[in-house]
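Here is a short report for a reader who is new to this structure. Please look over the sequence and the model first.

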Amino acid sequence: MAKPITQFACSDCGMTYKKWTGRCDGCGAWNTIQEEVPLSQGPSKKSLGTMKGKRMALTDLATEETPPPRTLSGLSELDRVLGGGLVPASATLVGGDPGIGKSTLLLQAAAAFANAGHSVVYVSGEEATAQVRMRAQRLGLGDSAVRLASETNLRDVLTTLEAEKPDLCIIDSIQTMWVDTVDSAPGSVSQVRASSQELVSFAKRFGTSVILVGHVTKEGQIAGPRVVEHMVDTVLYFEGERGHQFRILRAVKNRFGPADEIGVFEMTGMGLAEVTNPSALFLSDRDSPAPGSVVFAGIEGTRPVLVEIQALVAPSQLSQPRRAVVGWDGSRLSMILAVLEARTGISFQGLDVYLNVAGGIRISEPAADLAVACALLSAREDASIPPETVVFGELSLSGALRPVAQAENRLKEAAKLGFTAAMAPKGCKTGDAGEMSLRLLPDLTTLVGEVFGAG
Ligand code: TYD
Ligand code: MG
């Protein structure tokens, strides 16, 4: 018998190696190389030769296609993130930190789909059926027609699914599934890859929508090779700050709808509740003006969302002052501090800077630059921005303010929530701002001079 070939693979990007190394050449990650048994012996060295294949039928782009029919769960936040409901024969990956509420969300989704008259199978590889049943009963979902199993052997799972042919199947989680033809532990790169491949191909062959739950590594990526994200049609992340009850379901890839769409939920004693008006939720009480606090009018997916950005600036005891950020990008903060110092001469040297996005939401839009700059200046100068003002705009390295998209939607949302003024870059297409009093600024120097009376 031939000696089994061992190989090593990167758990982030899936690149394979003959020998172990500390750093992956493919993606540059450290300590991600693990020993693996290859999925097969790999592609054979032989070329395709002269044997002919089947001739493909080529079509054109003009042929009318009916869009895929979608099934609605009735959980409108979930349907929105999926791009307007679940697509048959699709594979969806839901990733998130342990304990964030993935199993709760999917159990509720399973019950909602079952109540809407679809056949649903929920396979848990992590919890016993009794545990899932207990949770369902506590959530008041005991009566729904979800079929339940606790199983990790993918051969048994697939045999059952092929017999049942459900409309929706939930696999919680992909890291617990194992394929008996692959000789490595569940959760390893080759097992996760093989299990996902089998399940995605099952979805395509039988028309079942498959939802896979995926764990997330310390670095915040779905554990297992990146190839899983490429294999599935939709990748959703379920995120939230520990200690906050708000949870955000974010589409990062969607072959059937817009990416970057978010759904907002609140974790309650009775499971996850939908939050249909998230803006009201990310704002704290804003009766009295507070230095360092600024409301940013952002856009998440297709929806405008108002969030409060808080900054604190304090004298530092450290030789290298602290820069702490929650809910925003740390290197973007450094950039804003550098631009402020270079273009307005306001220095943060010898000062600790803390920046926090309230409510546990994470912002990635560059349009938050101006709000962050205002929060920093306001904290630094101890001058508060009037509480009924929203701020948005992108900052360029020259200190100029760059207009951002969807200004009109941002202003409308702000007006809806009782804000009466806005600060934005000059050149924004504000459309009909209604009663809003607008202050359109060309650059940082004007902002510092006019708003903070310094510089
Ligand atoms: P869970 O869905 O098990 O998380 P995951 O599958 O992502 O690991 O969620 C577990 C957490 O949710 C747990 O810390 C308790 C909390 N929780 C509630 O607050 N209320 C509830 O009704 C339920 C079911 C869970
Ligand atoms: Mg779970």
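## Domains

Domain bounds here come from an automatic or database domain assignment. The model itself is predicted. The assignment splits the chain into domain 1 (1-39), domain 2 (76-276) and domain 3 (281-452). The centres of domain 1 and domain 3 lie 45 Å apart, taken over C-alpha atoms.

## Aromatic pairs

How many aromatic pairs does a search of the whole structure find? The search gives two. One is formed by F202 and F206, and this pair is stacked. The ring centres are 5.0 Å apart, with 25° between the planes. An angle under 30 degrees counts as stacked, so the pair earns that label.

F202 and F206 both belong to helix 5 (residues 189-206). They are four residues apart, about one turn of the helix. Are the two residues buried or exposed? F202 is buried, at 0% relative accessibility. F206 is partly exposed, because its relative accessible area is 28%.

F238 and F265 form an aromatic pair too, and this pair is edge-to-face. Here the centres are 6.1 Å apart and the planes meet at 75°. The pair links distant parts of the chain. F238 sits in strand 9 (residues 234-239), while F265 sits in strand 11 (residues 262-268). The two are 27 residues apart. F238 counts as buried because its relative accessible area is 2%, under the 20% cut-off. F265 is buried as well, at 1% relative accessibility.

## Charges over rings

Two arginines are placed over phenylalanine rings. The charged end of R380 sits over the ring of F348. The distance to the ring centre is 5.8 Å. R410 lies over the face of F392. For R410, the distance to the ring centre is 5.4 Å.

## Around T344

T344 lies in helix 8 (residues 330-344). Is T344 buried or exposed? T344 is buried, because its relative accessible area is 14% and the cut-off for buried is under 20%.

Which backbone oxygen does the side chain of T344 reach? The partner is the backbone oxygen of L340, at 2.5 Å. T344 also touches V339, L444, T445 and V448. That list leaves out residues up to four places away in sequence.

Terms used:
Residues are numbered from 1 along each chain as its sequence is written. Chains are lettered from A and ligands numbered from 1 in the order in which they are written. This is a predicted model: local features need pLDDT of at least 70, side-chain atom pairs count only at pLDDT 80 or more; totals for chains, interfaces and linings use all residues. Side-chain values use heavy atoms; hydrogens and water are left out. Buried means under 20% relative accessible area, exposed over 50%, partly exposed in between (1.4 Å probe, protein chains only). A polar contact is a pair of N or O atoms within 3.5 Å; within protein, one must be able to donate a hydrogen and the other to accept it, and residues adjacent in sequence count only if both atoms are side-chain atoms. Contact means heavy atoms within 4.5 Å. Rings of Phe, Tyr and Trp (its six-membered ring) pair if their centres lie within 6.5 Å; planes under 30 degrees apart count as stacked, over 60 as edge-to-face and the rest as tilted. A charge sits over a ring if NZ of Lys or CZ of Arg is within 6 Å of the ring centre and within 35 degrees of the ring normal.
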